[in-house]
Amino acid sequence: MTPAEPTYAPHSAYHVLRSVNSIDYSVAPAGDATDPAPASPVSWSQLNAVVFGRGNRVHYKNMADTEDVAQQLCKLTSSLGSLRLIQCGGKDQPNLVALGTSNGWVQLWDLVAKKMVLNWKMKSVTSMCFGENTLTIGDEKGTLRHYDPRATDSTKLKEQLKKVTRHQGRILNGAWKEDGKFLATGDQNGLVLVWDARRPRVPLEVGEMVQRRRKMQHVGAVTALAWCPWQSKYLVTGDSAADGAGTIRVWDMNAVDDNATSVSEWPTKIELDAQITSLHFSPHIREMLSTHGPGKLAPAPTTPSTPITPLDDPFSSIPIHFDPHTSRISNSVVVHQFPTMRRVTSVSVAKKNVAGSVLSPNGHRIVFEVPEESQLKVWEVWGKFKAPKPPSLYEACAIR
């Protein structure tokens, strides 16, 4: 018997995933074209506005109004450096937007009042994420700094600063758990660390056993992190290897027993032939999506599969070239069931590198960042969950 085709709920990405529109977008040229985590100045606020860069100008667009024209929030002067990062505040700071520049400047803006509220200088800014009344910034040398964005001036902000160094390389991203209790960070050397907000000086010992200690280690640079919102013990991470491949790892935060020998019934490692550039969970359905870069080029065949003799081919003296094979998920979005990791659907969303993505606060739409096409591509990804209608009193009491 052939296995039955899987069925998907109406709000699954299998039925919903489609393109909506696009927004003009541009990023200042990067100094290193091989950077595994290029600048990504775009974020989606709790107020349902997408905040993004056009060169050194910061714009915002109300996503609730399809006819709304993007408005300018500010323009960064050349002395501040080029715009590299934008991060919108979480539920505790719905009005705040943090900007980071190539020269190490950080600015906090009030999106409603349209004014800057704080401004300070660091040596470098390579990642930003908001937690519960916390703005966490990673730098080039692996240091994490926790700021309180409620500070009234930059002096008080620096007085309340908490700093910790455990990474040995550039921190590429960070993600606070929704409850604000745990923070995950990843660096260019492939190391993932998880921090308990109650004991922020020392990372937790979780992951695989490596030389008698638990460690979460990737082969490539860690370019994506996501906490599962409905199975809180899971952290999912993704990397971008130098050869263009990528790996998704699933980590169980409860597996901390050194003597544990149990094996997970679900996949914990998925090896793919394209870089992982972002990861997101649906808050409404047991699905997760990953976005992917250009991918790994497979070697091209040097000769045709059926030899051609000189008598058959008048152009035999002309060398034959074959294009290398590109990844099947090159510049695509892939949706997976979780935790089974069974593929739901995959769609190519761009001709150039999908550098990352941001998910809407309600989990229904996503914006793909395609800087080489100067576009932010807006797609529907997950539909609205509709609970089954309970039977009426008449139906419940009807005689069958």
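**Strands, a hairpin and two contrasting residues**

In the hairpin that strands S14 and S15 make, five residues lie between the two strands, and among the residues of this hairpin glycine 180 takes a positive phi near 75°. The model in which this is seen is a predicted one, and the values that follow are computed from its atoms. The two arms of the hairpin, S14 at residues 171–176 and S15 at residues 182–187, pair in the antiparallel sense over five bridges. One of the paired positions can be named: isoleucine 171 has aspartate 187 in S15 as its bridge partner. Strand S14 is also mostly covered, in that five of its six residues are buried.

From this hairpin the reader can pass to glycine 131, which touches Trp176 and, besides that residue, Asp92 and Gln93, when residues up to four places away in sequence are not counted. Glycine 131 has its place in strand S10, which covers residues 127–131. Is glycine 131 buried or exposed? Its relative accessible area is 10%, and because buried means under 20%, glycine 131 counts as buried. A further spatial relation involves glutamate 178, whose C-alpha is 7.8 Å from that of glycine 131, although 47 residues separate the two in sequence.

Another part of the model is an open sheet of four strands, which follow one another in the order S6-S7-S8-S9 with antiparallel pairing. Strand S6 (83–88) and strand S9 (115–121) stand at the edges of this sheet, and since each has a single partner strand, one side of each is left without a neighbour in the sheet. From one strand to the next, the twist averages 20°. For the edge strand S6, the pairing with S7, at residues 96–101, is antiparallel and runs over five bridges, and within it isoleucine 86 has leucine 99 of S7 as its bridge partner.

Proline 10, finally, lies in the segment before helix H1, which spans 13–16. The relative accessibility of proline 10 is 72%, and because exposed means over 50%, this residue counts as exposed. Its contacts, once the neighbours within four places in sequence are left aside, are with His15 and Val16. What is the C-alpha to C-alpha distance between proline 10 and glycine 383, which are 373 residues apart in sequence? In space the two are 7.4 Å apart, taken from C-alpha to C-alpha.

Conventions:
Residues numbered from 1 in each chain as written. Predicted model: local features only at pLDDT ≥ 70, side-chain atom pairs only at ≥ 80, totals over all residues. Heavy atoms only, no water. Pairing = 2+ DSSP bridges. Axes fitted to C-alpha atoms, helices over the stretch in contact; angles between N-to-C directions. Buried < 20%, exposed > 50% of the residue type's maximum accessible area, 1.4 Å probe, protein only. Contact = heavy atoms within 4.5 Å.
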